[in-house]
Each structure stands twice: as C-alpha cells, then as structure tokens.
Amino acid sequence: MASVQCVKCGKEEEPITDTLFMGKLETEIKTKVCKNCWKQWEGMRVMVINEYQVNLGEESGRELVKKQMRAFLNLGESTDTSKLQANYKPPQ
Ligand SMILES: [Zn+2]
C-alpha cells in the first residue's frame with residue numbers, strides 16, 4: 001500500500017483516503033499529511049472554531065481556520081497559535 005511522507009509527524013504513514021472537500025488544498029494535504037495527523041487536525045479544528053469563535057459563514061472565518069490548519073500541519077504557514085497551545089489537550 002502507498003504511504004505518505006508526512007510533514008507533520010515526520011514519518012512515513014498511511015495516507016488520507018477520505019475526500020476532504022478542501023478544494024485546491026486537497027492534493028497538497030494528501031501528498032504531505034498522513035491520516036493520523038489529519039485526524040488530529042479534525043479535533044483541533046473544533047477547538048479553533050470555539051477558541052476564536054469562528055463564523056464559518058464568513059470568508060474571514062474560513063480563512064482563519066485554513067491558516068490555523070496550515071500552521072498545525074506544517075504546511076508552510078506561520079500564524080499565532082499561542083492561544084491554542086495554551087489550551088491544547090492531547091486526545092486521550
Ligand atoms: Zn503524520
């Protein structure tokens with residue numbers, strides 16, 4: 001089975017097989033991020049939305065989530081994630 005060299009965990013891991021509905025980012029994410037790390041982001045995403053009180057109906061809200069995602073997954077974005085790191089609890 002194919003694997004992906006993940007930029008988040010640095011390991012060669014199982015690729016994402018689900019459709020992510022991420023538009024242009026979809027290919028980039030799937031070639032650079034493994035399934036496990038994507039799962040972590042899905043949990044993180046909920047936190048981002050809560051912490052920043054993101055309105056996904058607004059373009060600015062969606063952009064914020066996208067930025068946080070790129071930063072979280074090491075996709076070449078640097079953004080202020082201190083708010084999240086302070087509150088982040090790894091999944092059990
Ligand atoms: Zn990974």
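Welcome to the tour: begin by selecting helices H2 and H3 and looking at where they cross, a crossing that is right-handed. Keep in mind as you go that this is a predicted model.

**Stop 1: the pair H2 and H3**

Select residues 35-51 for helix H2 and residues 59-72 for helix H3. Two packed helices are described by the angle between their axes and the distance between the axes. Here the angle is about 140°, and the axes are 10 Å apart. Are these two helices parallel or oblique to each other? Angles over 145 degrees would count as roughly antiparallel, and H2 and H3 are therefore oblique to each other.

Now show the side chains where the two helices meet. On the H2 side, pick Trp41, Met44, Arg45, Val48 and Ile49. On the H3 side, pick Val65, Gln68, Met69 and Phe72. The residues of this contact between H2 and H3 divide into 7 nonpolar, 1 polar and 1 charged.

**Stop 2: one residue of that contact, isoleucine 49**

Click on isoleucine 49, which lies in helix H2. Is this residue buried or partly exposed? Isoleucine 49 is partly exposed, because 16 other C-beta atoms lie within 10 Å, where 20 or more would make a residue buried. Setting aside residues up to four places away in sequence, isoleucine 49 touches Val54 and Val65. Try a distance label too: the C-alpha atoms of isoleucine 49 and leucine 64 are separated by 9.1 Å, though the two are 15 residues apart along the chain.

**Stop 3: the whole chain**

Zoom out and colour by secondary structure. The chain has 4 helices and 2 strands. In which pattern do they follow one another along the sequence? Reading along, you meet β-β-α-α-α-α. The chain has 92 residues, and 12% of them count as buried. Take contacts between residues at least 6 apart in sequence: 42% of them join residues at least 24 apart.

**Stop 4: the largest nonpolar core**

Next, select Cys6, Ile16, Ile29, Val33, Cys34, Cys37, Met44, Met69, Phe72 and Leu73 together. These 10 residues make up the largest nonpolar core. H2 and H3, the helices from the first stop, each supply at least two residues of this core.

Stay with the core and click on valine 33, in the loop between H1 and H2. Valine 33 counts as buried because it has 27 C-beta neighbours inside 10 Å. What does valine 33 touch, not counting residues up to four places away in sequence? The list is Cys6, Val7, Lys8, Ile16, Trp38 and Leu73. For a link across the sequence, label the distance from valine 33 to leucine 75: 42 residues separate them in sequence, yet their C-alpha atoms are 8.9 Å apart in space.

Then move to cysteine 37, another member of the core. Leaving aside neighbours within four places in sequence, cysteine 37 is in contact with Cys6, Lys8, Cys9 and Leu73.

**Stop 5: helix H1 and the loop before it**

Select lysine 30, in helix H1. Lysine 30 is partly exposed, since 19 other C-beta atoms lie within 10 Å, and the count for a buried residue starts at 20. Beyond its neighbours within four places in sequence, lysine 30 is in contact with Pro15 and Ile16. Leucine 20 is 10 residues from lysine 30 in sequence and 9.0 Å from it in space, C-alpha to C-alpha.

Now find phenylalanine 21, in the loop between strand S2 (12-13) and helix H1 (25-32). Its phi is near 55°, a positive value in a residue other than glycine. Phenylalanine 21 counts as exposed because it has 7 C-beta neighbours inside 10 Å.

**Stop 6: the loop between H3 and H4**

Finish with two residues in one loop. Asparagine 74 lies between H3 and helix H4 (82-87). Although asparagine 74 is not a glycine, its phi is positive, at about 60°. With 15 other C-beta atoms within 10 Å, asparagine 74 is partly exposed.

Aspartate 80 also lies in the loop between H3 and H4. Is aspartate 80 buried or exposed? It counts as exposed, because it has 10 C-beta neighbours inside 10 Å. One last distance to label: the C-alpha atoms of aspartate 80 and glutamine 68 are separated by 8.2 Å, with their positions 12 residues apart along the chain.

Terms used:
Residues numbered from 1 in each chain as written. Predicted model: local features only at pLDDT ≥ 70, side-chain atom pairs only at ≥ 80, totals over all residues. Axes fitted to C-alpha atoms, helices over the stretch in contact; angles between N-to-C directions. Parallel < 35°, antiparallel > 145°, perpendicular 65-115°, else oblique. Left-handed = near helix turned anticlockwise from the far one by under 90°. Contact = placed C-beta atoms within 7 Å. Nonpolar A, V, L, I, M, F, W, Y, C, P; charged D, E, K, R; others polar. Core = buried A, V, L, I, M, F, W, Y, C linked by C-beta atoms within 7 Å.
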